[in-house]
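Q: I have a model open in my viewer and would like to learn how to read its features one by one. Could we go through it together?

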Amino acid sequence: IMDYKQQAMYNNGGSGNFRLRMVNFEMKENHISHETQGLSETQLVVRRGKPFKLTLLFGGRAWNPHTDRVVLLVRLGNLARSIPVLFSDQCSNLHKWSAKVYSRERHAHSVIVHIFSPVLSAVGVYELLVQIETLWDKRIYSVGAFALLCNPWLRYDPVYMPEEAQIEEYVKSDFGLVYCGTSANVQSRPWSFGQYEPGVLEACLTLLQISPQHLHDSDRDYISRADPVYLSLVICAMVNCNDDLGILLGRWTKEYHDGVKPTDWTGSADILRQWLLSKFKPVRYGQCWVFASVLCTGSSF
């Protein structure tokens, strides 16, 4: 799949004629490498602390590394990082953004760039820009966006899970049993967590964008999103609609004629999609076990 969008923002003219022609986000290969297959059909989804790659195709003359400079810009709201693209075969620092081209993957009119995100990067959707600098001009191309998630496969990530069985149950599995009732009368219900359903990842990322924490101070919220404990607290608070634009409205009476009876829900995807499509109107109705099940979906990313 060739995902490509570019916009020249600065053009000072000149005779350099070295420009960005196309960007291939290598979605299929990146999604397999990052264990994000099926989470999105339209957007690159990667995990922090693990490199992902892009192919840059250039137009005009060939890239001259002595006179031409390529810099990547990643933006999360008002927060931005400038990442020079370097030619290097050395290991990267797990705590810094970096971008490199290995010698075997450099060609006159194309390069494969490996982008390294810090292991404690903030979770969110990042805008990606490519800056081309020559002796004659500078151009910036807005090429798209990518979603960055936590990485339970990476030892240095606080969400690391050493056992594959844990990852299979808590991250990969999209179906399970939900237990509810009392200690003397425990009942189980099948539940589809639905993290691979269309629109579910989008809904969960949107949830972070409309939280009270983000609306009050977006910069502080973005910085705090590096911490999985903070993310869990925000998502937990947003599962119900009390005091915010949360997902579900709770009800424990028998009057459900203007909504869905809590026991009729069988999965998270329908609830999250309804909430997203309604522009954040609370979905009617939920009870504690429904809240918990939707929370599991939001936390599985």
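A: Happily. A word on records before we start: UniProt annotations may be inferred rather than shown by experiment. With that in mind, the UniProt record, an unreviewed entry, places the feature "domain: Transglutaminase N-terminal" at residues 23-132. In this predicted model, the span 23-132 is 6% helix and 47% strand, and its end C-alpha atoms lie 13 Å apart.

Q: What is the mean pLDDT of the protein chain, and over which residues is the pLDDT below 50?

A: The general idea is that predicted coordinates should not be read in detail where pLDDT is low. Here the chain has a mean pLDDT of 91, with 95% of its residues at 70 or more. Residues 1-16 are the stretch to treat with care: their pLDDT is below 50, and the model gives this stretch 41 contacts beyond near neighbours in sequence.

Q: Is helix α3 enclosed or open, and why?

A: For helices in general, residues three or four places apart point the same way, because an α-helix has 3.6 residues a turn. Now the case at hand: helix α3 (residues 200-209) has eight of its 10 residues buried, so the rest of the structure largely encloses it. The buried residues are V200, L201, A203, C204, L205, T206, L207 and L208.

Q: How many bridges join strand β10 to strand β11?

A: As a rule, side chains in a regular strand alternate between the two faces of the sheet. In this model β10 (residues 175-182) and β11 (residues 185-192) run antiparallel and are joined by eight bridges. A hairpin of two residues links β10 to β11. To find one pairing in your viewer, start at L177, whose bridge partner in β11 is P190.

Q: How many disulfides does the count come to?

A: A disulfide is a covalent bond between the sulfur atoms of two cysteines. The count here is zero, with a cut-off of 2.5 Å between the sulfur atoms. Take C241: the closest cysteine sulfur, in C288, is 14 Å away, which is too far for a bond. C296 is in no disulfide either, as the nearest cysteine sulfur, that of C236, is 10 Å away. C241 counts as buried because its relative accessibility is 14%, while C296 is partly exposed at 44%.

Q: Which backbone angles should I look at?

A: Let's take the peptide bonds, then phi. The bond from R284 to Y285 is cis, with omega near 5°, and Y285 sits in strand β13 (residues 283-286). D243 is not a glycine, yet its phi is positive, about 70°. You will find D243 in the loop between α6 (228-238) and β12, and it counts as exposed because its relative accessible area is 81%. F280, also a residue other than glycine, has phi near 75°; its place is the loop between α7 and β13.

Q: Is N151, a loop residue, buried or exposed?

A: N151 lies in the loop between β9 (138-149) and α2 (164-172). With a relative accessible area of 4%, N151 is buried. Leaving out residues up to four places away in sequence, N151 touches R47, R48, K50, D157 and V159.

Q: And where is T253 found?

A: T253 is in the loop between β12 (248-250) and α7 (268-277). Its relative accessibility of 45% is why T253 counts as partly exposed. The side chain of T253 reaches the backbone nitrogen of E255 at 3.4 Å.

Methods: Residues are numbered from 1 along each chain as its sequence is written. This is a predicted model: local features need pLDDT of at least 70, side-chain atom pairs count only at pLDDT 80 or more; totals for chains, interfaces and linings use all residues. Side-chain values use heavy atoms; hydrogens and water are left out. Helices (H or I, at least four residues) and strands (E, at least two) are DSSP runs, numbered from the N terminus. Buried means under 20% relative accessible area, exposed over 50%, partly exposed in between (1.4 Å probe, protein chains only). A polar contact is a pair of N or O atoms within 3.5 Å; within protein, one must be able to donate a hydrogen and the other to accept it, and residues adjacent in sequence count only if both atoms are side-chain atoms. Contact means heavy atoms within 4.5 Å. pLDDT is the predictor's confidence in each residue, from 0 to 100. Two strands pair if DSSP finds at least two bridges between them.
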